[in-house]
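Work through the exercises below with the sequence and the model side by side. Try each task on your own before you read its solution.

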Amino acid sequence: MTEMLLKYFRTKQNHVESEKTYDSQCPFCSMQCKMQLIEQSIVTRKKYTTIGLDNPTTQGRLCVKGINAHQHIFHKDRLKYPLIKVNGEFVRATWEEALKVIKENIESIQERNGKNAMSVYGSASITNEEAYLLGKFARVGLETKYIDYNGRLCMSSAASAATQTFGMDRGFTNSIGEIPSSRCIILAGTNIAECQPTIMPYFEKAKENGAYIIAIDPRETATTKLADLHIKIKPGTDAAFANGVLKVIIEEQLYNESFISERVSGFEEVKENVTSMSFEEIESMTGVPIEQIRRVAHRFAKEETGMIFTARGVEQQTDGSAAVRNFLNIILSVGKIGKVGCGYGAITGQGNGQGAREHGQKADQLPGYRLIENEEHRAYIAKVWGVNKEELPRKGVSAYEMFEKIHDGDISGMLLMCSNPIVSNPNAKFVEEALKKLSFLVVVDLFVSETAQLADVILPASSYLEDEGTMTNVEGRVTLREASYPCPEEVKHDWQILCEIAHVLGKGKYFPFKSAEDIFNELRVASKGGLADYYGVTYERLRAEKGLLWPCPTLEHKGTVRLFENSFAHSDGRAKMVSVSNVPLVSKDKVSEEFPLYLTTGRVVSHYLTGVQTRKSAALAARNVESHVEIHPITALKYGIQDETLVKISSRRGSIVVRSKWSESIRQDTLFVPFHWANSQNVNFLVGSELDPTCRMPGFKLSAVKISTAMDVV
Ligand SMILES: Nc1nc2c(c(=O)[nH]1)N[C@H]1C(S)=C(S)[C@@H](COP(=O)(O)OP(=O)(O)OC[C@H]3O[C@@H](n4cnc5c(=O)[nH]c(N)nc54)[C@H](O)[C@@H]3O)O[C@H]1N2
Ligand SMILES: Nc1nc2c(c(=O)[nH]1)N[C@H]1C(S)=C(S)[C@@H](COP(=O)(O)OP(=O)(O)OC[C@H]3O[C@@H](n4cnc5c(=O)[nH]c(N)nc54)[C@H](O)[C@@H]3O)O[C@H]1N2
Ligand code: SF4
Ligand SMILES: [Mo]
């Protein structure tokens, strides 16, 4: 028997004929865990395993998505050559054919309807080099003002809040390693345990060190379990909650007078605002007892150190930007910033959610956080790009508003790179109709996503294993993603694709790049002197120093670990507090007799965004094969909903059918549906089109809905 076993293992081992390893970074969230793919050749097949690699941010950890990331890359449905739609069917094409169709269509659209009739929709899952190049491609290659990207749906509230309050937006004001030194941590609308799992040890360590952790979420989650105090807030009322905390801090004189007088403006205005409010009003709006509000204020103000983190629960609201500013007001009022263990963190979402919002993909932006409407900024970038300042287009509109422009007839062509907007945008039916109206749509993707199905041309892009480039992670650390796996068949890198399209459009001289590093070296110069200054960052340094936190303005500069130690980024050096109303400027969807429940949306650990990638991964798909609605059993009984049955959820905009999941962890007035599934399970059919007036963020986290068993309504 032993001999048989030995023989079995020996033969099994012998089967491994060769082994190769490839270093990369996970294609999913902002932690950007460093990883290695091990490829073993075993007689007729290949075996793949992913392991974590040590690095300063994630220290070799991986979560379930990272461990299984390679599965979608080797999936049979991966796009391997260009496709052109002929009579409604996709047919295989050569790159020459695809580029010819693209050239003819873009030229004819722009001749007919002007340069701005073409648009570009980008992504924060591409590298810094590609995000930078996409901005340049729109302004110089297509000469259109219409470019925006999926980060508008993700980071725009936090970004605009930090810019307005601090004068500058880098998600984390401190390095991630400072979290364990914080004595009081507020986690507002973030589910890090499922969404950035490898960050958890920093918070666990803080807790071991005695930190008091407060989590604000309408649901109990794996994250709220870590907390000492869970504030089970009514969705959409974080701004009012923060006003309550400020009111206690101000009325009980827990604020830091010297910090305010030396480093802050606007305090008096905030004081007046919260003094005019009543605790009763705040309690009834938020559903949070005054006692809890008081406990938060006391703890945060009195502990030696404290940090606040926000994510999409607070931010994806039509007053998301104001709500974040109100949390920043709390930090400023007690002077907890610019010191060890004191600061703010917007928990960035996508892999390059930070870097992709800095270098010109946004409608109003040029590289290095420069502004497209600022004459000096235009002049500087025009010079770097070798064009006339006057030739640079002006600012365009936000992601969702581009779909409105299509309906209005202003935009008739789009190049879409690395996004699936008919699943991820609010008012999804309207977005789908817009894309169908386009006379020409090019989609660059790894797969034929739901959106790609509507394209005229689909171009196959390389993945995280194949495409080298830099990504700026959750803490603002620029990292070099090594990637050396060969591109399958005719797949090309996103940056190569942009260069090739620019060439056929006669703009090749502006896009002479032969490698990602070439592009990075131009980005360095373009960002020089801007707020997000990468000039001192080089590939060589990134390899040697394991990443650098920006701003890093010179080759000798060590990178900036902690921001705002002595002054803020506004010209007077002060942070700007601002008074925030409990009632948002753009009214939120209201519950009524017909639509009596709040719906909020978000994520589960095993799937990523619209699920195009993770639904292709057998190990991940098996964990959640379909969508679901979390519903409190008492609410379920009220509406006759059994556990594990199909239910219909409707809002004023549409309906979906998903499976019920009873859970006592959610508020009785609230439902939760993840957004990783399409078609009849696409929760964005329910979400409305109202946008935050400051940053144009949609209100993904709040809709008024009704629920019934699917049978009742069929
Ligand atoms: N597994 C997984 N990880 C991911 C992603 C993914 O799709 N899947 N996506 C990545 C991306 S791009 C992003 S942006 C991040 C998102 O990361 P998170 O923002 O942490 O994720 P969400 O689940 O969208 O929302 C967080 C929490 O907000 C709560 N919430 C809902 N409404 C409210 C409210 O009104 N107030 C408060 N205080 N809380 C509320 C929800 O119950 C939820 O638990 O995750 C990244 N990581
Ligand atoms: N209801 C609701 N809706 C939401 C949210 C929510 O919480 N609730 N969250 C919002 C947020 S935070 C975000 S970030 C958005 C994101 O939503 P989307 O922008 O739609 O993002 P993905 O689903 O990741 O789509 C990425 C597409 O690009 C492809 N892809 C992956 N890697 C590459 C690459 O390297 N190159 C190219 N060319 N293609 C690639 C994938 O196959 C996929 O089809 O969704 C938003 N929508
Ligand atoms: S999904 Fe995020 S936490 Fe998980 S392995 Fe990838 S980068 Fe790391
Ligand atoms: Mo996101």
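The exercises that follow concern a predicted model, and they go from its domains to its sheets and then to its backbone.

**Exercise 1. Find the domains of the chain, and describe how domain 2 and domain 3 meet.**

Solution. Begin with the bounds: the domain assignment gives domain 1 as 16-73, domain 2 as 83-154 + 352-513, domain 3 as 156-347 and domain 4 as 597-712. Next, take the distance between domain 2 and domain 3, whose C-alpha centres lie 35 Å apart. Then look at the contacts, in which 11 residues of domain 2 touch 12 residues of domain 3. The size of an interface is often stated as the accessible area that is lost when the parts come together. For domain 2 and domain 3 this buried area is about 1000 Å², with 48% of it on carbon and sulfur atoms. On the side of domain 2, the residues that lose the most area to domain 3 are C154, V474 and E475, which together account for 52% of what that side buries.

**Exercise 2. How many salt bridges and how many residue pairs in polar contact are there between domain 2 and domain 3?**

Solution. Take the salt bridges before the wider set of polar contacts. The rule, which asks for a side-chain nitrogen of Lys or Arg within 4 Å of a carboxyl oxygen of Asp or Glu, finds 1 salt bridge across this interface. A salt bridge to inspect in the model is that of D169 and R357, whose side chains meet at 2.8 Å, N to O. For polar contacts, the count between the two domains is 7 residue pairs, both residues being at pLDDT 80 or more.

**Exercise 3. Work out the strand order of the open sheet of 5 strands, and explain why one side of each edge strand is left without a neighbour.**

Solution. Read across the sheet, and the order is β10-β9-β8-β12-β13, with parallel pairing. The edges are taken by β10 (229-231) and β13 (343-346), and because each has a single partner strand, one side of each is left without a neighbour in the sheet. Neighbouring strands here are turned by 15 degrees against each other on average, direction ignored. Now follow one pair inside the sheet: β8 (184-188) and β9 (212-216) are joined in the parallel sense by 5 bridges, and L187 has A215 in β9 as its bridge partner. Finally, helix α8 (200-208) packs on the sheet, where it touches β8, β9 and β12 (306-310), and its direction makes about 140 degrees with that of β8.

**Exercise 4. In which sense does β26 pair with β24, and in which sense with β25?**

Solution. Treat the two partners one after the other. Strand β24 (628-631) pairs with β26 (655-662) in the parallel sense over 4 bridges, and H628 is matched there with R659. Strand β25 (646-650), in turn, runs antiparallel to β26 and is joined to it by 5 bridges, with V647 standing opposite V658. A hairpin of 4 residues links β25 to β26.

**Exercise 5. Is the peptide bond from W550 to P551 cis or trans, and is phi of Q253 positive or negative?**

Solution. Start from the general expectation that most peptide bonds are trans and that most residues other than glycine have a negative phi. The bond from W550 to P551 is cis, with omega near -5 degrees, and P551 lies in the loop between β21 (548-549) and β22 (575-576). For Q253, phi is near 50 degrees, a positive value, and this residue is placed in the loop between α9 (238-251) and α10 (257-263).

Note on methods: Residues numbered from 1 in each chain as written. Chains lettered and ligands numbered in written order. Predicted model: local features only at pLDDT ≥ 70, side-chain atom pairs only at ≥ 80, totals over all residues. Heavy atoms only, no water. Domains from an automatic or database assignment. Contact = heavy atoms within 4.5 Å. Buried area = accessible area lost by both parts, 1.4 Å probe. Polar contact = N/O pair within 3.5 Å; in protein donor to acceptor, adjacent residues only side chain to side chain. Helix = DSSP H or I, 4+ residues; strand = E, 2+ residues; numbered from the N terminus. Pairing = 2+ DSSP bridges. Axes fitted to C-alpha atoms, helices over the stretch in contact; angles between N-to-C directions.
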